[in-house]
Amino acid sequence: MYSGFLKNVWYVGIPSAELAVNKATARKILGEPIVFYRDSKGKVSAMRDICPHRGIPLSYGRVVNDQIECPYHGWKFDGTGMCTEIPSLCPDQELNPNKIKVRSYPVHEAQGLIWVFVGDKDYDVSKAPAIPVMKAFPADVKPNLTYVVNFPCHVDHAVIGLMDPAHGPYVHKSWFWRSEKTMLEKKKKFAPVNYGFQMVRHQPSKNSKAYKILGGTPTTEITFTLPCVRVEHIEVGPRNFYSYTALTPVDENNTRVTQLAYWDIPWLTLLKPAIHQFSKKFLGQDMDAVTKQQDGLRYDPSLMLIKDADTQAKWYYALKTEYHDHLEGKREFNHPVKETELRWRS
Ligand code: FES
Ligand SMILES: [Fe+2]
């Protein structure tokens, strides 16, 4: 079981809407400080948020002429991380600024998210697990809702907490959702997908009130892919609703949870404030659980993964271990998930 951070994968860096033009913005990812900025043409760049001269974070600086200017001595860096100017140099002083480089990271912007590739410098990005896309929507779609929250735990506990099918009646107890009084036996089909697995399309349980407001006969499909993205796609006739959850490891004890919702159901927009409140409350309940869990994990207890409710958690660890070993051992990726049916009560 690999419990470190996966490298050579795409992580959500920052939602597109949070990155203004010409404004350097810092985010910590896998314990690394990264600065993002969007130039006047809309192009996003990401680099290590530390000036190679004297170590001040570049994110304290300005963006001038599509370049980051260090706030300390004004060295400028372009989007590739190359130093283009050292203002203190006299014309006859020989030092080529272009030889000075800050580490830059590949970025990709799509469907309202800016992704960053955190990995080895020479790694072929095209070989990494693909960024999950919402097939019903174009690349320039904007999320109807975005909510970002920090979970004070290691990414593994955040992932497992969010995919766990058995905590609903206990953690998400509330009048508009569920309680343990309405527990039913569930039976769901699962299938492997590229670098992940999927709860195959089905009609959601009758005891989930949240689906009822959609009307019609909704069907849902839930896909988890490495490193840590869960996408639920609900279809109601020709209409679509996506709940998109992407996790970013900040450091050993913090995980950023980016929760987005996308839909093309016009009347649902009237309920936007309610859906926003619902996501906040729902994720808040998960955050509360993992926060309390830390009080126990401090003692480094041994933990259990049981059938079938924890099978998805086992798959998550197996996928992670396999991806890690496949990169380390430079061998083929052997998919650890087989098509199967899981049963649990919730
Ligand atoms: S510390 Fe950045 S230019 Fe000197
Ligand atoms: Fe939950």
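In this predicted model, the end C-alpha atoms of residues 11–116 lie 5 Å apart. The span is 0% helix and 41% strand. An unreviewed UniProt entry lists these residues, 11–116, under "domain: Rieske".

Aromatic contacts form a further topic. The structure holds 14 aromatic pairs. In one of them, the ring planes of Phe117 and Tyr123 stand at 10 degrees with the centres 5.9 Å apart, so this pair is stacked. Another pair, Phe190 with Trp315, is edge-to-face. Two of the pairs are set out below.

| Pair | Centre to centre | Angle between planes | Arrangement |
|---|---|---|---|
| Phe117 and Tyr123 | 5.9 Å | 10 degrees | stacked |
| Phe190 and Trp315 | 5.5 Å | 65 degrees | edge-to-face |

The pair of Phe190 and Trp315 links distant parts of the chain, with the two positions 125 residues apart. Phe190 belongs to strand S13 (residues 185–193), whereas Trp315 belongs to helix H5 (residues 311–328). Phe117 and Tyr123 are buried, and Phe190 and Trp315 are buried as well. Ring pairs also join Phe190 and Trp315 to Phe197, Phe224, Tyr316 and Tyr317 in a cluster.

Helix H5 appears again in the second largest pocket, where H5, helix H1 (155–163) and helix H4 (272–297) each supply at least two lining residues. This pocket has a volume of about 510 Å³. Of its 26 lining residues, those closest to the centre are His157, Ile160, Gly161, Gln293 and Leu303. H1 provides the largest share of the lining, seven residues. By character, the lining comprises 16 nonpolar, six polar and four charged residues.

Note on methods:
Residues are numbered from 1 along each chain as its sequence is written. Chains are lettered from A and ligands numbered from 1 in the order in which they are written. This is a predicted model: local features need pLDDT of at least 70, side-chain atom pairs count only at pLDDT 80 or more; totals for chains, interfaces and linings use all residues. Side-chain values use heavy atoms; hydrogens and water are left out. Rings of Phe, Tyr and Trp (its six-membered ring) pair if their centres lie within 6.5 Å; planes under 30 degrees apart count as stacked, over 60 as edge-to-face and the rest as tilted. Buried means under 20% relative accessible area, exposed over 50%, partly exposed in between (1.4 Å probe, protein chains only). Helices (H or I, at least four residues) and strands (E, at least two) are DSSP runs, numbered from the N terminus. UniProt positions are given in the numbering used here, feature names are shortened, and annotations may be inferred rather than shown by experiment. On a 1 Å grid over the protein atoms alone, a cavity is a set of points where a 1.4 Å probe fits but cannot get out, and a pocket is an open set with protein on both sides within 12 Å along at least five of seven lines; lining residues have an atom within 4 Å of a point. Grid points are joined across faces, edges and corners, and a volume is the space filled by probe spheres set on the points. Ala, Val, Leu, Ile, Met, Phe, Trp, Tyr, Cys and Pro count as nonpolar, Asp, Glu, Lys and Arg as charged, and the others, Gly among them, as polar.
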